[in-house]
Amino acid sequence: MDYLRFAAEADPVAVLKFGLLQPATGHRRVLSPKVFHAARIAATQTADCGTCVQIEVTAARRAGVTPEAIRAILAGAAEERAVQDAVAFGRACARHEDPGDTLRNRIIARYGDRGLVELSLAVTTALAYPTMKRALGYAEACSVVRVDVEP
């Protein structure tokens, strides 16, 4: 959290406003916890931020996602199509690529437009933190770390 301490010292109002993003990070009404967190983990992992991946893994565990499911998500080896789609969506967005109509249409068919918006918000908010760290010059904090999946 060094990057937030730095930012708070430089501009506390900016950090307060950045903090207003926090409630949006947990917005989930349509997606299952596994699908929701798969997209967030995959996006953060693609952003190459190990410490942020750990935060996402911890949030997934707290939401009831099993360690086995998380390991599969991290390895890109999820068996369920819905989880595979969430991972692909999160990774594409994190790479600044269009996920494509085929993937978007599968998500809409499964969850409706509301689910697509929810998944998009999940990925967008997951990327805010590693992006802020990188922008402030704290990318060294985004080094590869061993992600602990167990509770």
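Let's start with what this protein is built from: eight helices and zero strands. Reading from the N terminus on, the elements go α-α-α-α-α-α-α-α. The radius of gyration is 15 Å, close to the 15 Å that the globule rule gives for 151 residues, so the protein is as compact as a globular protein of that length. Keep in mind that this is a predicted model.

How confident is the predictor? The average pLDDT of the protein is 92, and 93% of the residues score at least 70. Two helices mark the ends of the range among the elements, as the table shows.

| Helix | Residues | Mean pLDDT | Place among the elements |
|---|---|---|---|
| H5 | residues 50-62 | 91 | lowest |
| H7 | residues 81-94 | 98 | highest |

Now for the overall dimensions. Along its principal axes, the C-alpha trace spans about 45 × 30 × 25 Å.

What about inside and outside? Of the 151 residues, 42% count as buried. The accessible surface adds up to about 8,000 Å², and carbon and sulfur atoms hold 56% of that.

Which residues touch each other along the chain? Take the contacts with a separation of 6 or more: 71% of them are between residues 24 or more positions apart.

Finally, the charges. The protein has 19 positive and 17 negative charges. Take the mean position of the positive charges and that of the negative ones, and you'll find these two points 4 Å apart.

Notes
Residues numbered from 1 in each chain as written. Predicted model: local features only at pLDDT ≥ 70, side-chain atom pairs only at ≥ 80, totals over all residues. Heavy atoms only, no water. Helix = DSSP H or I, 4+ residues; strand = E, 2+ residues; numbered from the N terminus. Rg over C-alpha atoms; globule rule 2.2 N^0.38 Å. Buried < 20%, exposed > 50% of the residue type's maximum accessible area, 1.4 Å probe, protein only. Contact = heavy atoms within 4.5 Å. Areas by Shrake-Rupley, 256 points an atom, 1.4 Å probe, with all protein chains shown as cover. Lys, Arg positive; Asp, Glu negative; His and termini not counted. Charge placed at Lys NZ, Arg CZ, Asp CG, Glu CD. pLDDT = per-residue confidence, 0-100.
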